[in-house]
Amino acid sequence: MGWLMLFRTIRSRLLGLVVATVCPFLVVICGGLWLQLRQDQSNALGDALDQAQLFAAQIDEHIGNLEHLMIGLSRAVSTRLADTSANDALLRQVKKEMPEFVAEILLFAPDGSNIGVSWNENVRNNASERAYFRRVLAGEHLAIGDVIHTRVSQQWVVTLASPVEDQNGRLRAVIAIGTRLDRFQDALRMQRLPPGSIVRVINENGIVVAQSDDGTKWIGRDLSSANDVVEALASKESMGNVRWPDGVERLTGSATAHRAPWTVSVGFPTSIGLRAMAIHLPWGGAIGGLSLLAGFVIAWMLSGRIARPLRQLQRDALALARGNLTHRTTVKTGDEVGKLADAFNRMAESIERRQFELQESKNTLAAVIDALPVAIVCSDLERRIALWNPGAEKLYGYSAAEATGSIVQMVPPEGQAASLEMYQRARNGETIRNEEVLRQRKDGSLVHVKLAAAPMYSPEGDICGVAWAHQDITERRKAQAQLERLAHFDPLTGLPNRLSLQKVLGRLLAGDGAKRPIAVALFDLDRRSTAASCDQGTRQGPGVPPRRRRICPGCSGMRRPARHWRDCRRRAQSARPEF
């Protein structure tokens, strides 16, 4: 049974799927093709080097032929100035028999003056400043000049020069032959090269002498700073996968000629190494295709038992995601997919239970907020209203539809600074309580409210808004004012009562220490008694001289002692209502 359970697991099926494919065969085939490719590239590099050596030998042969031609002409021409016309005729005749890559044949006296030309006797340049001329005068038997662009013929030319000596070996003249570089590849036999190959010849200074592809664009260009050119000039022979100055990688072989310090580079396209692969690839593809087909058939049979329950679980998860929390999966298997289905059902039950609890809590909280007699306002960090309960609608006159999503102007201009300060305190995490402020309704009227504020937090723990509680304290303030008035004024007459009188007298009698007279008059509203007090400095008591006695209004204006006056006043107060 244990072995059977092992083969029923998803892992075993995936392993069977991998084994059923042709990965080992593909690896073997790809490995063989890779080795074949490497071998073909190595053979191509060897062929490129062989071709470079062959072209270097052809250059040596070409230069040797020109050298023999100059030796033969040196015996036929005359070194005398008087024979210039005869030399011109001879050189023109020889030039007609030469290939097109031979540009011109020149004969110079030892002083550099021209005494023979093959193409235009009216143009005779002095060669005393030419490098090849100076090297011949210095004793070289074969001098190769620089790559130059002629002003007359507008052609790229390289000149070979040789001395003309008499029987005693003394230099009598210098003969030179110019080679047209745009036709130089005609002197090389390139018919056996693969398609897309390029042959390039550079001199010892890195200047392009000839190039088979788009030669007019590259001849005369200085490539001495290119990495492949530096490497080719440094070694007599080299080969490798080289990026040429045109940015294309080629299988390159390079060799140096012997008669001239020129380096020949032959570049094959890298695709040449794929020729053998192109031959073996159809067979390898056929074998790989059959193997893949067999693997697909086996994989289809095995993966069906895995894919079907997984697709069902996917549909069940989508139903749960759409909000159908009562949905349960019907997948029942004995492997890991079955365990996954059981876990899915338990998860759905847990989500449904938690959603019910959350909805219940949300409904309870909404009912409490709606039933509160105070205004509950919640705003985001930009002070836009997110919650506006019925208490807020009643207090400020704005409906929930008007307030939600907007910034409600309920702070009078003089309270803007204090409101912003409280908002910043709440945003910083402070809880605010019992702040009595003045707010403005929709109709412009002002209302006294008591504020409380607390920050609201997101699930990540960041402050996402501020919750406000606004309590209308207008009636309470009115009640407090009424109590304050009842404590200090008579409710019937509206006049200050004894408590107010005592407070005023106490404040006046306390004074500021100055000896200023203060007069107080008391009137009985029902005319039963009246009294007048003396100024603050009058003394009373036994033994007071008659001139210091008071006049008692209750005794018909007679002068009485202070004791009598007090008794009379006490009887008058007990006989009238309190004020």
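In the predicted model, Arg-441 and Asp-472 form a salt bridge in which the closest N and O atoms are 4.0 Å apart. This pair links distant parts of the chain, since its two members are 31 residues apart. Arg-441 lies in the loop between β14 (432-440) and β15 (446-457), whereas Asp-472 belongs to strand β16 (residues 463-472). Arg-441 has a relative accessibility of 23% and therefore counts as partly exposed. Asp-472, at 39% relative accessibility, is also classed as partly exposed.

Side chains of opposite charge can pair when their charged atoms come close. The structure holds 17 salt bridges, and some further examples follow. Glu-382 is joined to Arg-384 by a salt bridge with a distance of 2.0 Å between the closest N and O atoms. Glu-382 counts as exposed because its relative accessibility is 52%, and the cut-off for this class is over 50%. Arg-384, with a relative accessible area of 35%, is partly exposed.

Another salt bridge brings together the side chains of Arg-425 and Glu-430, at 2.8 Å from N to O. Arg-425 has a relative accessible area of 21%, which makes this residue partly exposed; buried residues are those under 20%. Glu-430 is partly exposed as well, with a relative accessible area of 35%. Salt bridges also link Asp-166, Arg-170 and Arg-172 in a network.

The next element to be described is a sheet. Strands of a sheet pair through backbone hydrogen bonds, either parallel or antiparallel. Here, five strands make up an open sheet, and their pairing is antiparallel. The order of the strands across the sheet is β8-β7-β11-β10-β9. The edges are occupied by β8 (208-211) and β9 (237-243). Each of these two strands has a single partner strand, so one side of each is left without a neighbour in the sheet. On average, neighbouring strands of the sheet are turned by 20° against each other, direction ignored.

Within this sheet, strands β10 (residues 249-256) and β11 (residues 263-269) run antiparallel and are joined by seven bridges. The bridge partner of Leu-251 is Phe-268 in β11. A helix is also placed against these strands: α7 (residues 227-234) lies across β7 (198-202), β9, β10 and β11. The direction of helix α7 is at about 65° to that of β7.

Technical notes. Residues are numbered from 1 along each chain as its sequence is written. This is a predicted model: local features need pLDDT of at least 70, side-chain atom pairs count only at pLDDT 80 or more; totals for chains, interfaces and linings use all residues. Side-chain values use heavy atoms; hydrogens and water are left out. Two strands pair if DSSP finds at least two bridges between them. Helices (H or I, at least four residues) and strands (E, at least two) are DSSP runs, numbered from the N terminus. Axes are lines fitted to C-alpha atoms, for helices over the stretch in contact, and angles run from 0 to 180 degrees between N-to-C directions. Contact means heavy atoms within 4.5 Å. Buried means under 20% relative accessible area, exposed over 50%, partly exposed in between (1.4 Å probe, protein chains only).
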